[in-house]
Amino acid sequence: MIQDFVYSKANTVKEALDLLEKHRDDYKIICGGQSLLILMRQGLVAPANLIDIKGIDELKYIKFKSKEGLKIGAGTTHSEIQKSSPIKKHYPVLIEMEENLASVQTRNWGTIGGNLSHADPAGDPGPVLIALNATVKIANRERERTIPLEEFFIDYFETVLEEGELLLEVQLPVVTPRTATVYEKFNIIKNDQGIVSVAASVTLDSRGSTCTDARIVLGAAASIPLRARKAEKLLIGQKLDDSLLEKIGKKASDEADPVADIHASEEYRRYLVKALTKRMVKKAWERVKAQAR
Ligand SMILES: Cc1cc2nc3c(=O)[nH]c(=O)nc-3n(C[C@H](O)[C@H](O)[C@H](O)COP(=O)(O)OP(=O)(O)OC[C@H]3O[C@@H](n4cnc5c(N)ncnc54)[C@H](O)[C@@H]3O)c2cc1C
């Protein structure tokens with residue numbers, strides 16, 4: 001049963017920040033409620049104050065500029081991202097990710113800001129956005145700060161958000177030429193959260209033969225979306241062949257720090273990390289080559 005709470009609705013970012021400050025000691029922000037209400041129903045979270053930001057229009061936008069990149073307001077729904085033309089053109093991996101995230105009902109109501117702030121290590125947007133080099137804008141009443149998304153997550157369901165702070169925006173830089181980013185999750189039930197997921201971003205040189213940059217990000221394989229930095233290092237400066245691919249997969253699997261739960265054992269998750277990393281690196285590499293043709 002959900003415990004009693006005082007409900008306040010903010011219509012602007014300023015109103016929301018004032019409310020967060022006023023109820024500093026005991027509040028929860030609610031946006032789409034897709035994650036929060038489950039925790040409240042289970043009695044895992046019982047805030048005295050619930051501050052509703054779903055009605056803040058200032059937080060609902062997708063803006064793309066060819067020199068600056070993409071900005072997505074925290075209140076933008078998964079469906080809005082999935083249907084965005086500039087995202088389809090410049091960041092297609094986000095569309096592919098959203099198409100496989102939850103059900104249409106959850107995508108229609110759940111938001112990108114809520115997903116990231118919930119900080120479920122099995123969440124889909126985290127690994128993909130980190131592979132795309134995302135930053136996030138955060139504010140309280142006094143100041144705004146922008147940090148790499150990679151530094152936003154600190155533990156299971158924990159972020160760097162302090163009391164009084166609101167996540168405002170997700171920002172993506174312009175994609176470097178000859179780069180492709182891909183993402184896949186392994187699950188038993190379609191559109192369920194992944195038992196493990198991997199995002200890989202690969203940049204090739206002008207001849208399309210050598211990797212000049214790479215980002216490999218693991219989902220549901222640690223307490224946060226995890227960069228497999230040692231695996232990335234193996235790839236950068238190299239030409240891809242089966243033997244290198246095998247080493248990269250093995251390294252990513254060693255870097256993972258998965259738990260055992262009802263979905264999978266630790267060993268099985270490591271096995272999946274290896275298989276998916278190999279598959280994603282190869283797929284990204286082939287996509288860059290296909291773009292060049
Ligand atoms: C049936 C089901 C299936 C799902 N499947 C998937 C899946 O396959 N992949 C996946 O990634 N996710 C999945 N989800 C999770 C879903 O994506 C998230 O629940 C949704 O995006 C959360 O957004 P929300 O606006 O509903 O957040 P809320 O539930 O309102 O909030 C979630 C958390 O974020 C905080 N918060 C919200 N907005 C902000 C903000 N702007 N600033 C600071 N804090 C904020 C809240 O206080 C709360 O702690 C699933 C959820 C359901 C119910």
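## Cavity and pocket

The largest cavity has a volume of about 40 Å³. This is a predicted model, and the structure holds one cavity of 30 Å³ or more. The lining of the largest cavity consists of Asn 115, Leu 116, Ala 119, Asp 120, Gly 123, Gly 126, Pro 127, Phe 153 and Pro 225. Helix H7 and helix H8 (125–131) each contribute at least two residues to the lining of this cavity.

The largest pocket has a volume of about 1,400 Å³. It is lined by 50 residues, and those closest to its centre are Ser 35, Leu 36, Gly 114, Ser 117 and His 118. Two or more lining residues come from each of S2, helix H2 (36–41), helix H7 (112–118), strand S9 (158–159) and strand S10 (166–172). The greatest contribution to the lining of the largest pocket is that of H7, with five residues. H7 thus appears in the linings of both the largest pocket and the largest cavity.

## The parallel sheet

Three strands make up an open sheet with parallel pairing, in the order S1-S3-S2. Its edge strands are strand S1 (6–9) and strand S2 (27–30), each of which pairs on one side only. On average, neighbouring strands of this sheet are turned by 25° against each other, direction ignored.

S1 and strand S3 (residues 49–52) run parallel and are joined by four bridges. Within this pairing, Ser 8 stands opposite Ile 51 in S3. Helix H1 (residues 13–22) packs on the sheet and touches S1, S2 and S3. The direction of H1 makes about 155° with that of S1. The edge strand S2 is also among the elements that give two or more residues to the lining of the largest pocket.

## The antiparallel sheet

A four-stranded open sheet has the order S11-S12-S13-S14 and antiparallel pairing. S11 and strand S14 (226–227) are its edge strands, and each pairs on one side only. Although S11 lies at an edge of the sheet, six of its eight residues are buried, so S11 is largely enclosed by the rest of the structure.

S11 and S12 pair in the antiparallel sense over eight bridges. Tyr 183 has Ala 199 in S12 as its bridge partner. At the other edge, S13 and S14 are antiparallel and pair over two bridges. Leu 218 stands opposite Leu 226 in S14.

## Val 217 in strand S13

Val 217 lies in strand S13. Its relative accessible area is 0%, so Val 217 counts as buried. Leaving aside neighbours within four places in sequence, Val 217 is in contact with Pro 127, Ile 130, Ala 131, Ser 197, Val 198, Ala 199, Pro 225, Leu 226 and Arg 227. Several of these names recur elsewhere: Pro 127 and Pro 225 line the largest cavity, Ala 199 is the bridge partner of Tyr 183, and Leu 226 stands opposite Leu 218.

The C-alpha atoms of Val 217 and Val 45 are separated by 29 Å, and these residues are 172 residues apart along the chain.

## Helix H11 and its surroundings

Helix H11 (residues 266–292) has 27 residues. From its first C-alpha to its last, H11 reaches 39 Å, close to the 39 Å expected at 1.5 Å a residue. Its buried residues are Arg 269, Leu 272, Val 273, Leu 276, Thr 277, Met 280, Val 281, Ala 284, Trp 285 and Val 288. The cover over these buried residues includes strand S11 (179–186), strand S12 (196–204), strand S13 (211–219), helix H9 (229–235) and helix H10 (242–255). Strands S11, S12 and S13 belong to the antiparallel sheet.

Val 281 is found in H11. Because its relative accessible area is 0%, Val 281 is buried. Apart from neighbours within four places in sequence, its contacts are Ala 200, Val 202, Ile 216, Leu 235, Leu 240, Leu 245 and Ile 248. The C-alpha atoms of Val 281 and Val 196 are separated by 15 Å, with the two residues 85 residues apart along the chain.

Definitions and conventions
Residues numbered from 1 in each chain as written. Predicted model: local features only at pLDDT ≥ 70, side-chain atom pairs only at ≥ 80, totals over all residues. Heavy atoms only, no water. Pairing = 2+ DSSP bridges. Axes fitted to C-alpha atoms, helices over the stretch in contact; angles between N-to-C directions. Contact = heavy atoms within 4.5 Å. Expected span 1.5 Å × (residues − 1). Buried < 20%, exposed > 50% of the residue type's maximum accessible area, 1.4 Å probe, protein only. 1 Å grid on protein atoms, 1.4 Å probe; cavity = no way out; pocket = protein on both sides within 12 Å on 5 of 7 lines; lining within 4 Å. Points joined across faces, edges and corners; volume = space filled by probe spheres on them.
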